[in-house]
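Got the viewer open and a selection box ready? Here is a short tour, one stop at a time.

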Amino acid sequence: MTVVWNKVKLLLVDLDNTLCDSFHTLSKPQWTFVEKKLREKGWDDCADKMNENFGSQGFLKTLKSCGIEEYKIRYAIRQYDKADISKLELFHDAHHIMDLDIPTILITRGEPSLQKRKIKHLGIKKHFEEIVIVDTFGNKGEEFEKIRKKKGLKASEILVIGDRMEEEIAQGKRLGYPVVLVRRPGWPVKHIKLKPDISVRTLKTIARHLKR
Ligand SMILES: [Mg+2]
């Protein structure tokens with residue numbers, strides 16, 4: 001699908017690693033904290049497996065793919081969600097998207113209390129028409145459809161912007177939404193069969209297209 005920029009009536013924008021640099025300013029200290037907590041429990045095998053796979057995919061997916069038991073995963077997530085977020089920073093190009101004159105909804109997946117703390121810390125609430133937090137175990141695609149129906153829009157009128165191929169990009173694409181992948185330095189892109197309609201290295205590129 002080609003993105004018809006002048007038809008876009010709504011943006012659905014991801015938070016972590018799209019608008020803010022969660023990988024460098026939050027994830028690393030967060031994983032180190034969880035590792036310490038797992039070792040305190042005597043679960044060194046989990047801590048080792050987790051470390052070996054740092055950065056290859058998200059936290060939850062990593063724990064699941066390591067074959068760690070469900071109750072240990074739940075414990076790890078509880079620790080993860082306690083993390084100090086004071087160092088979390090917006091990317092320099094975030095305002096190019098947030099300041100556009102197009103209705104924008106922030107849609108982020110994670111533990112709601114943690115995501116809320118991040119949004120408050122970044123001070124970005126005012127830039128969005130709505131903020132949707134999908135639970136850690138939830139699915140963004142279902143929320144995309146709820147929003148689309150509520151707004152009475154066609155899929156082609158909504159632009160999905162995010163960094164995760166296997167998540168918002170794949171789910172948006174399957175539902176027929178135009179999707180833009182944002183590639184961030186040091187943050188690996190997982191390759192899957194589906195391709196984004198466009199891949200950019202800065203949100204400025206998207207903003208430039210949308211301003212025309
Ligand atoms: Mg993300």
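What follows is a walk through a predicted model, from its domains to its strands, a loop or two and a helix.

**Stop 1: the two domains.** Colour residues 5-21 plus 88-211 as one group and 24-80 as another; the domain assignment calls these domain 1 and domain 2. Put a centroid on the C-alpha atoms of each, and the two centres sit 26 Å apart. Now look at where they meet: eight residues of domain 1 are in contact with eight residues of domain 2. On the domain 1 side of that meeting place, four residues are charged, two are polar and two are nonpolar.

**Stop 2: strand E4.** Select 158-162 next. Is this strand buried or exposed? Five of its five residues are buried, so E4 is largely enclosed by the rest of the structure. Flip the view to check both faces: Ile158, Val160 and Gly162 are buried on one side, while Leu159 and Ile161 are buried on the other.

**Stop 3: the neighbours of E4.** Add strand E1, residues 10-13. E1 and E4 run parallel, joined by four bridges. Two pairs to click on: Leu10 has Ile158 as its bridge partner in E4, and Val13 has Ile161. Then bring in strand E5, residues 179-182, which is parallel to E4 and joined to it by three bridges. Here Gly162 stands opposite Leu181. To see how the chain gets from E4 to E5, show helix H8, residues 165-174: E4, H8 and E5 make a right-handed β-α-β unit.

**Stop 4: back to E1, other partner.** Show strand E2, residues 104-109, which pairs with E1 in the parallel sense over three bridges. Keep Val13 selected: its bridge partner in E2 is Leu106, to go with Ile161 in E4.

**Stop 5: Asn17.** Follow the chain out of E1 into the loop that leads to helix H1 (22-40), and you'll come to Asn17. What is its phi? The angle is near 65 degrees, a positive value in a residue other than glycine. For context, most residues other than glycine have a negative phi. Asn17 also counts as buried, because it has 22 C-beta neighbours inside 10 Å and the cut-off for buried is 20 or more.

**Stop 6: Thr136.** Jump to the loop between strand E3 (130-134) and helix H7, where Thr136 is found. With 18 C-beta neighbours inside 10 Å, Thr136 counts as partly exposed. Which residues does it touch, leaving aside neighbours within four places in sequence? Select Leu60, Ile77, Arg109, Gly110 and Glu111. Draw a distance to Leu60 in particular: the C-alpha atoms are 8.0 Å apart, although 76 residues separate the two in sequence.

**Stop 7: helix H7.** Finish on residues 140-151 and try a quick sanity check. At 1.5 Å a residue, the 12 residues of H7 should span 16 Å, and the end C-alpha atoms are 17 Å apart, which agrees. Step on to Gly152, which follows H7, and you'll find another positive phi, near 65 degrees.

Note on methods:
Residues are numbered from 1 along each chain as its sequence is written. This is a predicted model: local features need pLDDT of at least 70, side-chain atom pairs count only at pLDDT 80 or more; totals for chains, interfaces and linings use all residues. The expected span of a helix is 1.5 Å times one less than its number of residues. A residue is buried if 20 or more other C-beta atoms lie within 10 Å of its own, exposed if 12 or fewer, and partly exposed in between; C-beta atoms are placed from the backbone. Two strands pair if DSSP finds at least two bridges between them. A crossover is right-handed if, with the strands pointing away from the viewer, the path from the first strand over the helix to the second runs clockwise. Two residues are in contact if their C-beta atoms, placed from the backbone, lie within 7 Å. Domain bounds come from an automatic or database domain assignment. Ala, Val, Leu, Ile, Met, Phe, Trp, Tyr, Cys and Pro count as nonpolar, Asp, Glu, Lys and Arg as charged, and the others, Gly among them, as polar.
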